[in-house]
Structure formats: structure tokens, C-alpha cells
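This report describes the fold and selected local features of a single protein chain. The sequence and model are shown first.

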Amino acid sequence: MPNPGPEPGDRQRPKGMPLPRKFLVVVDDSPEFDAALRYAARRARSTGGRVALLRVLPTGSDAHWSGVRDEIQRELRSEAEALLNRLGEEAAERSGAQPLFLIEEGDAQDAIHKVVRDDPEIKILVLAAGSGARGPGPLVTAVLKQGAAFGGRKLPVTIVPGELTEAEIEDLG
């Protein structure tokens with residue numbers, strides 16, 4: 001039987017050509033998130049990579065409310081998809097490439113481990129650090145305490161100051 005060729009949507013790359021670099025950004029509601037997205041998009045543009053946007057949904061635990069929990073999860077997923085589509089437009093405009101959208105449930109650190117393990121093209125995790133009394137944020141704190149081994153491999157982590165201006169990001173990227 002002849003080889004049917006690649007599946008539709010499969011990316012073709014010349015043999016020996018490295019995989020494109022993906023910059024993973026965790027989409028959260030923190031004020032500094034925008035700096036992480038802008039920085040990752042700028043770096044993706046300057047290196048020929050692309051942005052991967054990860055939204056982590058909380059999980060419910062009350063089994064006796066499973067019908068309500070399922071409806072809440074559907075609603076949260078729908079909201080996450082709308083948010084990623086909106087942010088994806090900005091990321092595509094800034095980076096020059098369509099971003100990858102990822103939605104996981106559970107703990108943010110576990111979700112990062114999973115997506116990094118599942119996608120070898122993710123090469124850098126970009127986080128933005130908060131400042132002031134709030135501290136750098138839970139993900140930045142966890143990375144600083146536990147190191148940068150994600151999904152069984154070491155992953156460089158770029159921590160962007162959350163208060164960087166657009167001009168400063170352009171200069172760095």
C-alpha cells in the first residue's frame with residue numbers, strides 16, 4: 001500500500017531543520033500577564049518562533065454536585081476559549097505567527113508540566129513577576145523554589161518584570 005502522505009494540517013519541515021521554538025505563556029488574570037505576553041510575542045517574532053498560550057481551569061471536587069460542576073466546567077472552558085481567541089489575535093499580530101491555544105484543568109504547575117512533556121517544541125517558559133507587596137506571584141515563586149525541570153526536561157524560564165513598558169520590551173526582544 002502506498003504511503004498516503006502527511007495528514008492535513010501536518011507541518012512539513014525539511015529534514016535536519018530544527019523544530020520551531022515555542023514560548024509558553026500562562027494566561028492568568030494578574031496585572032503583569034500582559035508584559036509576559038508582549039515579551040513572548042516579541043521574542044517569537046525575532047527568533048522565528050511562536051507563542052503557546054496556556055489557560056488553566058480550576059477543577060471542582062464535590063462529586064454530589066457533578067451536574068452543576070459539569071455545567072460550570074463547560075462555561076469556564078467556553079470563557080477560556082473566547083479569552084484565548086481574543087489574546088491570540090494580539091499574539092499573532094505581535095509575533096507574526098498564529099499562536100497555539102492550550103486549555104488544561106487543575107493546578108497551574110501540573111498543567112505546565114503536562115504541556116511541556118507533551119510538546120517538545122516548547123523551549124521557553126515566559127512568566128511575568130509582580131512587584132510590591134504582592135510579591136512575584138505564585139508561579140514565579142514556585143519556579144524559584146523548585147527549579148525549572150518541567151515534564152522530565154529542563155526548560156529555560158524567562159521572568160519578565162511586570163511593569164516593563166512597550167518600549168522596554170521592544171528593546172529587550
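The text below proceeds from the overall architecture to the strands, a buried proline, a helix and a pocket.

**Overall architecture**

The structure is a predicted model. The protein has five helices and seven strands, and from the N terminus on these elements follow the order β-α-β-α-β-α-β-α-β-β-β-α. Of its 173 residues, 38% count as buried. Among contacts with a separation of 6 or more, 72% are between residues 24 or more positions apart.

**Strands β1 and β2**

Strand β1 pairs with β2 in the parallel sense, over six bridges. Within β2, Arg50 has Lys22 standing opposite. Strand β2 covers residues 50-57, and eight of its eight residues are buried, so the strand is largely enclosed by the rest of the structure. Arg50, Ala52, Leu54 and Val56 point one way from β2, while Val51, Leu53, Arg55 and Leu57 point the other way; all are buried.

**Pro99**

Pro99 is located in the loop between α2 (66-95) and β3 (100-105). Its relative accessibility is 5%, and Pro99 therefore counts as buried, the limit being under 20%. Leaving aside residues up to four places away in sequence, Pro99 touches Arg50, Val51 and Leu53, together with Gly88, Ala91 and Ala92. The C-alpha atoms of Pro99 and Gly49 are 9.6 Å apart, although 50 residues separate the two along the chain.

**Helix α1**

Helix α1 contains 15 residues; at 1.5 Å a residue it should span 21 Å, and the separation of its end C-alpha atoms, 21 Å, agrees with this. The buried residues of α1 are Phe33, Ala35, Ala36, Leu37, Arg38, Tyr39, Ala40, Ala41 and Ala44. Gly48, just after α1, adopts a positive phi of about 75 degrees.

**The largest pocket**

The largest pocket holds about 190 Å³ of space. Its lining comprises 16 residues, and those nearest the centre are Asp28, Ser30, Glu32, Ala128 and Leu139. By class, the lining residues divide into 11 nonpolar, two polar and three charged. The table names the elements that each supply at least two residues of this lining.

| Element | Residue range | Contribution to the lining |
|---|---|---|
| β1 | residues 22-27 | at least two residues |
| α1 | residues 33-47 | at least two residues |
| β4 | residues 122-129 | at least two residues |
| α4 | residues 138-146 | at least two residues |

Two elements described above thus recur here: β1, which pairs with β2, and α1, which has buried residues including Phe33 and Ala44, both contribute to the lining of the largest pocket.

Conventions: Residues numbered from 1 in each chain as written. Predicted model: local features only at pLDDT ≥ 70, side-chain atom pairs only at ≥ 80, totals over all residues. Heavy atoms only, no water. 1 Å grid on protein atoms, 1.4 Å probe; cavity = no way out; pocket = protein on both sides within 12 Å on 5 of 7 lines; lining within 4 Å. Points joined across faces, edges and corners; volume = space filled by probe spheres on them. Helix = DSSP H or I, 4+ residues; strand = E, 2+ residues; numbered from the N terminus. Nonpolar A, V, L, I, M, F, W, Y, C, P; charged D, E, K, R; others polar. Expected span 1.5 Å × (residues − 1). Buried < 20%, exposed > 50% of the residue type's maximum accessible area, 1.4 Å probe, protein only. Contact = heavy atoms within 4.5 Å. Pairing = 2+ DSSP bridges.
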